[in-house]
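Good morning, and thank you for coming. I would like to take you through one protein chain, beginning with the whole and ending with a few individual residues.

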Amino acid sequence: MCDHCSTPFVFDPQDLHFNLMGAAPRRLAFDGRDASEQWASALRDKVSELLRMPDYRQSAPAVSFRGEAQDMGDHIRRELVFEAEPGAHVPVTMLTPKTGEGPWPVMICLQGHTTGRHISMGEAKYPGDEKSLGGDRDFALQAVRQGFAALALELRAFGERNDSRPDPVRRTHELARNDDNRTCKHSAMTALLLGRTLLGERVFDVRRACDAIERIDELDADRIYLMGQSGGGTVGWYAAAVEPRLKGVMLASFFGTVTGTIGRIDHCTDNYLPDMLTWFDFPDIAGAFGHTKVLVVMGRQDPLFPEASVKQAAEHVRSIFSAQGRGDAFDLRFGEEGHRFYAAVGWPRFLEMVK
């Protein structure tokens, strides 16, 4: 406290930042009244601008299949690659059902902070993977057994797309392979140096995956869906705002208000979008979703996304969708544990929503 006043000194920058977050203008936030297409379009444009994605090219990228198809018993597995932008190739594992006939509806599968897309196939590849195999994270296997063709995308900075710099230039090589300080932090920070965001690059890859789907005969480009958990859920949320071809998304372990989640609790570097609160809060983004159906699946005991913040965000989304005349296009379901997916909770409701 200063000698001549009763105001205490404040040295903690977080105290200042948290106060500023609460007072941030959120100029395109839903105000409870205007849910017009003009507002939604302006919101969509601003989300796209802040993501700082690479230049978008509508033409479908070339798709290269790697190796032979494998019979996995109840499905067929193939490996493929497409080029999202010059110098950025995306490895994908594609699973297709053995029963019925294509073209199949498609489920894009996005892992969060694991060691890579192999977790979507229920496979351990690196030490410690056994911990990631729990929590219903075998998304691709779940999807193909529900009748979808599953595309497990390798997100930038994970798995085959990991940070491959040599140890001498890194301070993080002793950390676990899936630690966010080792996986995405450096890629996220160097993207900022280039006027990009790693989040935007990942969303861009989802858009390019939708383009690539148009080149694969077994896949139905008119029925594209997406599921993701944690960081994969965050990517899916933003992708739904800028990619109208996503007919439905089932997203887990990622949801809440900014001040209740990433503004207060330590999160991974790639969750932060510069200048976001000048324009909107996280649930406001749903106003840009168009006709996409949305199921959010959360854990009541998730320490990164407190239940009170989740419910507050969900009520905001419900008010937006109700004002847009599509109140049945959003739902929130809870599992009783922590930061994971809940297949038994999510799948029945999602299939009901998108039937």
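Let us begin with charge. The chain carries 42 positive and 50 negative charges, and the mean positions of these two groups are 1 Å apart. Please keep in mind throughout that this is a predicted model.

Next, the overall form. The chain contains 11 helices and nine strands. Taken along the principal axes, its C-alpha atoms fill a box of roughly 80 × 55 × 40 Å. How does the radius of gyration agree with that of a compact globule? For 355 residues, such a globule would have a value near 20 Å, and the chain has 20 Å, so the two agree.

Let us turn to surface and interior. The accessible surface comes to about 15900 Å², and carbon and sulfur atoms account for 50% of that area. Of the 355 residues, 54% count as buried. As for contacts with a separation of 6 or more, 72% of them are between residues 24 or more positions apart.

I now move to a single element, strand β5, which spans residues 149-153. How many of its residues are buried? Five of its five residues are buried, and the strand is described as mostly covered. A general point is helpful here: in a regular strand, side chains alternate between the two faces of the sheet. In β5, Ala-149, Leu-151 and Leu-153 lie on one side, while Ala-150 and Ala-152 lie on the other. Both faces are covered, and all of these residues are buried.

Which strands pair with β5? Strand β3, residues 88-97, pairs with β5 in the antiparallel sense over four bridges. Strand β4, residues 104-110, pairs with β5 in the parallel sense, also over four bridges. Leu-151 illustrates both pairings: Met-94 stands opposite Leu-151, and Leu-151 is also the bridge partner of Ile-108.

My last example is Arg-202, which is placed in helix α7, residues 198-213. Is this arginine buried or exposed? Its relative accessibility is 2%, and the cut-off for buried is under 20%, so Arg-202 counts as buried. What is Arg-202 in contact with, leaving aside its neighbours within four places in sequence? Its contacts are Leu-155, Arg-156, Ala-157, Phe-158, Cys-184, Val-235 and Asp-270.

To close, I would ask you to remember two places in this model: strand β5, with five of its five residues buried, and Arg-202, buried at 2% relative accessibility. Thank you for your attention.

Terms used:
Residues are numbered from 1 along each chain as its sequence is written. This is a predicted model: local features need pLDDT of at least 70, side-chain atom pairs count only at pLDDT 80 or more; totals for chains, interfaces and linings use all residues. Side-chain values use heavy atoms; hydrogens and water are left out. Buried means under 20% relative accessible area, exposed over 50%, partly exposed in between (1.4 Å probe, protein chains only). Two strands pair if DSSP finds at least two bridges between them. Contact means heavy atoms within 4.5 Å. The radius of gyration is taken over C-alpha atoms; the globule rule is 2.2 Å times the number of residues to the power 0.38. Accessible areas come from the Shrake-Rupley method with a 1.4 Å probe; for residues, only the protein chains shown count as cover. Lys and Arg count as positive and Asp and Glu as negative; His and the chain ends are not counted. The place of a charge is taken as NZ of Lys, CZ of Arg, CG of Asp or CD of Glu.
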